[in-house]
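Have a look at the model below before reading on. The notes that come after it walk through one sheet and the charged contacts around it.

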Amino acid sequence: MMIPTMLNMDFSQHVVIETANMDWITSPAAGVLRKPLEREAKESGHTTSIVQYLPDSAFASHPHPLGEEILVLEGVFSDESGDYPAGSYIRNPPGSQHAPFSRQGCTLFVKLNHFSPNDLAQVRIDTQSAPWQPGQGGLEVMPLHHFETEHTALVRWPAGERFQPHRHFGGEEILVLSGEFRDEHGVYPAGTWLRSPHLSEHFPWVEQETVIFVKTGHLPLNSQSQLPDTDL
């Protein structure tokens, strides 16, 4: 399966991908597979992927010039700093380097080289034990990171919850972790990745309990100036 070198790098476009329907493709490391969602170049630059480490696979030590962000979806991910089971949220700052591996195998959501050069926080959060905070309506929110306009969190939606129509200042990116997310544009089962551009608008709701990973305020802006996106 041929994947173009540059993929989904027009941030003015809505993108919806059901990752469960994608084929795995090989990486430079034996036993490490990928489903690329957006990328600037084949092995460098801004990249977002679903990554699978087969049991006892490893990737050679490598740097992250503009940072690395990981959410462990399944299994246990490891590097020289420790072992990170499913639910672990990891941020390695610009200029960091590591040699990742997995003994039992794992599946990850990975974003590379998208940090501000000044976003230097190293983050390790076990989302299986971190507390939820009340959000708007019946939503529960688990903040993971924020820097300048960028906000990253898990959001848990109770069955039947509806959220007011709102715009996304600096865009919005969602990975549906469980359940089924909905808006007026479609229905998004677990594993769906969505990216909505600056000042896009929608009216989201769910019919069943649903958990999403969500980032807002991190995509390029157009020339318009608007109020920031409504906080969840």
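What follows is a short tour of strand pairing, burial and salt bridges.

**The sheet**

First things first: this is a predicted model. The sheet we care about is an open one, with 7 strands in the order β1-β21-β18-β24-β16-β15-β14 and antiparallel pairing. Its edges are β1 (15–18) and β14 (133–134), each of which has a pairing partner on one side only. As a reminder, strands of a sheet pair through backbone hydrogen bonds, either parallel or antiparallel.

Let's zoom in on β18, residues 172–178. On one side, 4 bridges join β18 to β21 (residues 192–196), and the two strands run antiparallel. Here glutamate 173 sits across from arginine 195 of β21, while glutamate 172 faces serine 196 of that strand. On another side, β18 pairs with β24 (residues 210–216) through 6 bridges, again in the antiparallel sense. Leucine 175 has phenylalanine 213 of β24 as its bridge partner, and valine 176 has isoleucine 212 of β24. As for burial, β18 is mostly covered, with 5 of its 7 residues buried.

Next comes β24. Besides β18, β24 pairs with β16 (residues 150–157), an antiparallel match over 7 bridges. One of the partnerships there is histidine 151 with threonine 216 of β24. How many residues of β24 are buried? The count is 7 of the 7, so the strand is largely enclosed by the rest of the structure. Both faces are covered: Thr210, Ile212, Val214 and Thr216 are buried on one side, and Val211, Phe213 and Lys215 are buried on the other.

**Salt bridges**

Across the whole structure, a search turns up 13 salt bridges. Among them are these three pairs:

| Pair | N to O distance |
|---|---|
| Arginine 195 and glutamate 38 | 2.5 Å |
| Lysine 111 and glutamate 173 | 3.0 Å |
| Glutamate 201 and arginine 167 | 3.8 Å |

Take arginine 195 and glutamate 38, whose closest N and O atoms are 2.5 Å apart. This pair links distant parts of the chain, since arginine 195 is in β21 and glutamate 38 is in β3 (residues 32–39), 157 residues apart. Are the two ends buried or exposed? Arginine 195 counts as buried because its relative accessibility is 1%, under the 20% cut-off. Glutamate 38 counts as buried too, at 1% relative accessibility.

Lysine 111 and glutamate 173 meet in a salt bridge at 3.0 Å. Lysine 111 belongs to β12 (residues 106–112) and glutamate 173 to β18, so the contact ties together parts that are 62 residues apart in sequence. Lysine 111 is buried, with 1% relative accessibility, and glutamate 173 is buried with a relative accessible area of 1%. Remember that glutamate 173 also stands opposite arginine 195 in the sheet.

Then there is glutamate 201 with arginine 167, at 3.8 Å. Glutamate 201 is in β22 (residues 200–202) and arginine 167 in β17 (residues 166–168), so this one ties together parts 34 residues apart in sequence. Here the burial picture reads partly exposed: glutamate 201 has a relative accessible area of 41%, and arginine 167 has 44%.

Finally, back to β24 and its buried Lys215. Which residues share a salt-bridge network with Lys215? They are Glu69, Arg91, Asp119 and Glu150.

Conventions:
Residues numbered from 1 in each chain as written. Predicted model: local features only at pLDDT ≥ 70, side-chain atom pairs only at ≥ 80, totals over all residues. Heavy atoms only, no water. Pairing = 2+ DSSP bridges. Buried < 20%, exposed > 50% of the residue type's maximum accessible area, 1.4 Å probe, protein only. Salt bridge = Lys/Arg side-chain N within 4 Å of Asp/Glu carboxyl O.
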